[in-house]
Amino acid sequence: MKSLTPFIISLLISGLEPFWPLGSPAIAVSAVLGTKYLNSRGLVAVILIGLVRDVLLVNRLGVSSAIAAFAWLLASLATSRLGRPVMVSIAAAALAGLPAIALAPAGFFPGPASYQFILSTAALAGIFSAVWNFISDRDEKIRVRK
Amino acid sequence: MKPSSLIFRFLIAVFFSLTVMFFDSLSRLGWFRGSIETVFRPETRVLSFVAGGAGRLIAAGRYFSSGPARVADLERRLAAAENFAIASARNQEKLESSRILGWVDNRGFSLAPAKVLSFGWQLIIEIPPNLPDLPDTPDLIGKPVLSPDGALVGSIAKVGRWSARVKLLSDSGSQIPAAVLNPGKQKLAAGLLSGSFGAAITLEKVLTEVDLQPDLAVVTTGEDDQFPSDLLIGWIGKTGAKEASSVYQKAEVVPAVNPAELKTVFIIE
């Protein structure tokens, strides 16, 4: 059950999608998962998060899964080479925000709005990643003491 | 893990996504949509409250960190306070009464109020759950959506179980027959309104012999059976340079509604 908790929390965060005024929590979470789960399990979770996003935004199913998988790929490639999960997840979320805006079915908003979308997604990814790292580091320390 | 195996997994995910898109385009995945919507409805209610609170906190932070701009803004607000109070009270009254009673326009069509869920980069509205006269949700597609002031926002593009996406006028796929009115509310010219790249709205196919001046009202003509006539769309903005040899001219349209500021919209039944 403990191993499922991060995925359940990720799905709930991506459920914020219709109500978050800027950026995309689902893409941010996908980038963070790319730094933590570099295996098929992480990719399946990311696809599911993308499908939830599509349903909640009344999109064509599958569009967001491809974008979320792109964010996961960028983050996992960079993590396997560089480490630094917080910085990597911020960069991956920002880069994956570009196709998200370009593929938006309702057109996209020029100038500040598109920058705001990317910046807000990247900031969310940074916050999620920092919180996740903080919690996992604390758990590891507790285990060492035992 | 090796980069090659990561890329291989990504390609499988893209293939899977394309397969899902194909089956969704054949409308075979309604059961999947339905089940996800059922699972997420109660959770998103809680999360929307959290997200709304976060949004208000960010707005308050921005306001207090603005410094001199805040003082100037305060002075401007004080100057406009009297008119604003009257206008907002009237708008609030209209909004509340239309939300409770269902607002019936003078021209005979009735309007169903719907709450705006989000305008991050798409306009998502909540479908009123127990509205007696609302048609079945699949019939909602293509229905016009108005702002509380009666201006046209767009039409419903896609419908879920409890939410729907609005196709805005600035969407590159939308084309609407429109008319330009002179200051005396007489029809001056007809044209075709279309969304263009960069969320702009353009009025095209207007004869060059017509003198388009900024601030003239643009309204629907009702020729396409989708939108009723005389709904306000916006006002003429910048006009393109006229060439002697061309038959038609173009003009930008300044929209009457900013979708980001909407809290409630009305669906024409």
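In the predicted model, 56% of the 146 residues of chain A count as buried. Chain A contains 6 helices and 0 strands, so that its elements, taken from the N terminus, run α-α-α-α-α-α. Among the contacts of chain A with a separation of 6 or more, 65% join residues 24 or more positions apart.

Helix α4 of chain A (residues 63-82) takes part in two of the packings described here, one with α2(A) and one with α5(A). Helix α2 of chain A covers residues 25-36, and its axis comes within 7 Å of that of α4(A), the two crossing at roughly 35 degrees. This crossing is right-handed. On the side of α2(A), the contact is formed by A:A26, A:I27, A:S30, A:A31, A:L33, A:G34 and A:T35. Their partners in α4(A) are A:S64, A:I67, A:A68, A:A71, A:W72, A:L73, A:L74, A:A75, A:S76 and A:T79. The contact of α2(A) with α4(A) comprises 11 nonpolar and 6 polar residues, with no charged residues.

The second partner, helix α5 of chain A, spans residues 85-102 and packs against α4(A) at an angle of about 150 degrees, the axes being 8 Å apart. Because angles over 145 degrees count as roughly antiparallel, α4(A) and α5(A) are assigned to that class. The crossing of α4(A) and α5(A) is also right-handed. From α4(A), the residues in contact are A:I67, A:F70, A:A71, A:L74, A:A75, A:A78, A:T79 and A:L82. They meet A:P85, A:V88, A:S89, A:A91, A:A92, A:A93, A:L95, A:A96, A:P99 and A:A100 of α5(A). By class, these residues divide into 16 nonpolar and 2 polar, and no charged residue is present. Residues of α4(A) that meet α2(A) include A:I67, A:A71, A:L74, A:A75 and A:T79; these residues of α4(A) also appear in the contact with α5(A).

The 18 residues of α5(A) should span 26 Å at 1.5 Å a residue, and the end C-alpha atoms are 26 Å apart, which agrees with that expectation. The buried residues of α5(A) are A:P85, A:V88, A:S89, A:I90, A:A92, A:A93, A:A94, A:A96, A:G97 and A:A100. Among them, A:P85, A:V88, A:S89, A:A92, A:A93, A:A96 and A:A100 belong to the contact with α4(A).

Helix α3 of chain A (residues 40-56) has 17 residues, and the distance from its first C-alpha to its last is 24 Å, close to the expected 24 Å at 1.5 Å a residue. Of these 17 residues 13 are buried, so α3(A) is largely enclosed by the rest of the structure. Just after α3(A), A:V58 adopts a positive phi of about 50 degrees.

Helix α3(A) also packs against a helix of the other chain, α1 of chain B (residues 3-25), at an angle of about 25 degrees and with the axes 11 Å apart. Since angles under 35 degrees count as roughly parallel, α3(A) and α1(B) fall in that class. The crossing of α3(A) and α1(B) is right-handed. The contact consists of A:S40, A:L43 and A:I47 from α3(A), together with B:R9, B:A13 and B:F16 from α1(B). Its residues are 4 nonpolar, 1 polar and 1 charged.

Several individual residues of chain B were also examined. B:D171 is located in the loop between β6 (163-168) and β7 (175-181) of chain B. A residue counts as buried if 20 or more other C-beta atoms lie within 10 Å of its own; B:D171 has 22 and is therefore buried. The C-alpha atom of B:D171 is separated by 4.9 Å from that of B:G195, although the two residues are 24 residues apart along the chain.

Positive phi values occur in chain B at B:K205 and B:D230. B:K205, a residue other than glycine, has a phi near 60 degrees and is placed in strand β9 (residues 200-207) of chain B. B:D230, likewise not a glycine, has a phi of about 65 degrees and lies in the loop between β10 (217-220) and β11 (232-239) of chain B. B:K205 has 16 C-beta neighbours inside 10 Å and so counts as partly exposed. For B:D230 the count is 16 C-beta neighbours inside 10 Å, which places B:D230 in the partly exposed class.

Technical notes: Residues numbered from 1 in each chain as written. Chains lettered and ligands numbered in written order. Predicted model: local features only at pLDDT ≥ 70, side-chain atom pairs only at ≥ 80, totals over all residues. Axes fitted to C-alpha atoms, helices over the stretch in contact; angles between N-to-C directions. Helix = DSSP H or I, 4+ residues; strand = E, 2+ residues; numbered from the N terminus. Left-handed = near helix turned anticlockwise from the far one by under 90°. Contact = placed C-beta atoms within 7 Å. Nonpolar A, V, L, I, M, F, W, Y, C, P; charged D, E, K, R; others polar. Parallel < 35°, antiparallel > 145°, perpendicular 65-115°, else oblique. Expected span 1.5 Å × (residues − 1). Buried ≥ 20, exposed ≤ 12 C-beta atoms within 10 Å, placed from the backbone.
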